[in-house]
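Here is a brief report on a predicted model. Keep the structure in view as you read.

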Amino acid sequence: MTAHVSHSSPQTRRSQEFPPSALVLGIESSCDEMAAAVLRGDREILSSVVHGQAEVHAPYGGVVPELASRDHARVVSEVVATALEQAGLGAEELDGVAMTAGPGLVGSLLVGLSFGKAFAYSQGLPFVGVHHLVGHLVAAEVGGESGKNLEPPYVGLVVSGGHTALYRVSAEDRPSVLGETRDDAAGEAFDKVAKLLGLEYPGGPAISKLAQQGDPKAIDFPRPMSRRPGLDFSYSGLKTAVSVELARRGGLDSLRPGDRADFAASFEAAVVESLVARSVRAMRLEDSRRIAIVGGVAANRRLREEMTAAGEREGFEAVFPPMDLCTDNAVMIAAAGSRLLARGVRDELSLEAFSRVPLGDAPWRDPVRPDETSR
Ligand code: KG4
Ligand code: ZN
């Protein structure tokens, strides 16, 4: 197949012609959201569309990859068309396209990536694959008031359904990992504990909503890794502690009214405390003044409050993207892509989806492709 197709688009525009205010279409489909957005430059949001799949996966209590990619295939052209329509633009007015290339569910990624490649090819547009976590971090730099002054160096805390890690983000080098989870991601723990508590998927928002009616001190769950040195995280023990405590009380059906909210609040408090404690330690070790907290769990109100308060005590600023740019969206992909394209980074039609790639090996501020660096 590939032998018959030229690997670069016929009339790909040259990097010099890519102005910083160029119009970029972003496409994100790494998990269970199909999203498209149009940006002018890396900040001005002209449109943002997110099609979620909560109802598809809710009966299973978690994402079913096969169902996710089928739903993506069903809606991708409509989501992109809506983003263009809301931006008031025709496809021919765009300057470039950016798609999430990984990490994520490969079947899901392939839908947005292949659509984006075909779209760009048909319009003769340059395109670039974006690392999903780079997108999350860029969301903190481009979104909201506090992000306006955010520039490397800073510490990045990525807390999502698939990742929990602290990074050193610098202007010169690739982001490097300071610490990461040894087992479950924080968002994954929210989702699993929500399932134990009989709450709907996705679990993070459901737990934080219920937690508002509960007492965060009611149950003394362990604070993960609190006695361990270093900057790693661990959440599977906490999930087990919730399950053991539930069983000790005779299971979900034996709980008294209000108990479930106490479980939710106490679990949330334990996760938040561990994230804040690890971050404070990282800020001291790195002697850093700014931390960007990104990814779906960064939408958690308690985390936002406690991290901000810790920053005030410790003398650092906690920068969060606006709520809608914390969970998966295409604004962050268009923004990261816009920066790469403006630097002359281009991908070819041979660009593949990757399920895992370290953030440090992702195209970041320097235009090197992950496959070039891993060789
Ligand atoms: O970044 P994201 O949308 O997708 C991934 O890249 O994984 O993160 C999704 C995760 C889910 O685990 C979800 O339960 C969690 O973020 N989440 C939250 C909240 N909103 C979403 N966790 C805690 N509190 C929230 N308000
Ligand atoms: Zn994400």
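## Aromatic pairs

Phe221 is buried, at 4% relative accessibility. Its ring pairs with that of Phe263: the centres are 6.1 Å apart and the planes stand at 50°. That angle makes the pair tilted, because only planes under 30 degrees apart count as stacked and only those over 60 as edge-to-face. Phe263 is buried too, at 0% relative accessibility. Phe221 sits in the loop between α7 (203-211) and α8 (236-248), while Phe263 belongs to helix α9, so the pair ties together parts that are 42 residues apart in sequence.

In total, the structure holds four aromatic pairs. Another of them joins Phe115 and Phe119. This pair is stacked, with 6.4 Å from centre to centre and 25° between the planes. Both residues lie in helix α3 (residues 106-123). They are four residues apart, about one turn of the helix. Buried or exposed? Phe119 counts as buried, at 12% relative accessibility. Phe115, at 23%, counts as partly exposed. The cut-off matters here: buried means under 20% relative accessible area, so Phe119 falls within it and Phe115 does not.

## A buried serine in α3

Helix α3 also contains Ser108. Ser108 is buried, with a relative accessible area of 1%. What does Ser108 contact, leaving aside its neighbours within four places in sequence? The partners are Ser29, Ser30, Cys31, Ala68, Ser69 and His72.

## The zinc site

Which residues coordinate the zinc ion (ligand 2)? His132 and His136 each do so through NE2, and Asp328 through OD. The distances are 2.0 to 2.1 Å. Along the chain, the donors follow the spacing H-x3-H-x191-D.

His136 lies in helix α4 (residues 132-142). Asp328 lies in the loop between β10 and α11 (331-342). The pair therefore ties together parts that are 192 residues apart in sequence. Both His136 and Asp328 are buried.

## The five-stranded sheet

Five strands make up an open sheet. Their order is β8-β7-β6-β9-β10, and the pairing is mixed. Which strands stand at the edges? They are β8 (176-180) and β10 (317-319). Each has a single partner strand, so one side of each is left without a neighbour in the sheet. From one strand to the next, the twist averages 25°.

Take the β10 edge. Strand β9 (residues 290-294) pairs with β10 in the parallel sense, over three bridges. Ala292 stands opposite Val319 in β10.

## Helices: on the sheet and side by side

Helix α9 (residues 259-286) lies across four strands of the sheet: β6 (154-159), β7 (164-169), β8 and β9. Helix α9 runs at about 20° to β7. This is the helix that holds Phe263 of the tilted pair.

Helix α6 (residues 186-196) packs against α8. Their angle is about 10°, and their axes are 10 Å apart. Angles under 35 degrees count as roughly parallel, so α6 is roughly parallel to α8. Which residues make the contact? From α6 come Lys192, Val193 and Leu196. From α8 come Lys239, Val242, Ser243 and Leu246.

Notes:
Residues are numbered from 1 along each chain as its sequence is written. Chains are lettered from A and ligands numbered from 1 in the order in which they are written. This is a predicted model: local features need pLDDT of at least 70, side-chain atom pairs count only at pLDDT 80 or more; totals for chains, interfaces and linings use all residues. Side-chain values use heavy atoms; hydrogens and water are left out. Two strands pair if DSSP finds at least two bridges between them. Helices (H or I, at least four residues) and strands (E, at least two) are DSSP runs, numbered from the N terminus. Axes are lines fitted to C-alpha atoms, for helices over the stretch in contact, and angles run from 0 to 180 degrees between N-to-C directions. Contact means heavy atoms within 4.5 Å. Rings of Phe, Tyr and Trp (its six-membered ring) pair if their centres lie within 6.5 Å; planes under 30 degrees apart count as stacked, over 60 as edge-to-face and the rest as tilted. Buried means under 20% relative accessible area, exposed over 50%, partly exposed in between (1.4 Å probe, protein chains only). Donors are N, O and S atoms within 2.8 Å of the metal (3.2 Å for Na, K and Ca); water is not among the atoms, so sites may look incomplete. Angles under 35 degrees count as roughly parallel, over 145 as roughly antiparallel, 65 to 115 as roughly perpendicular and the rest as oblique.
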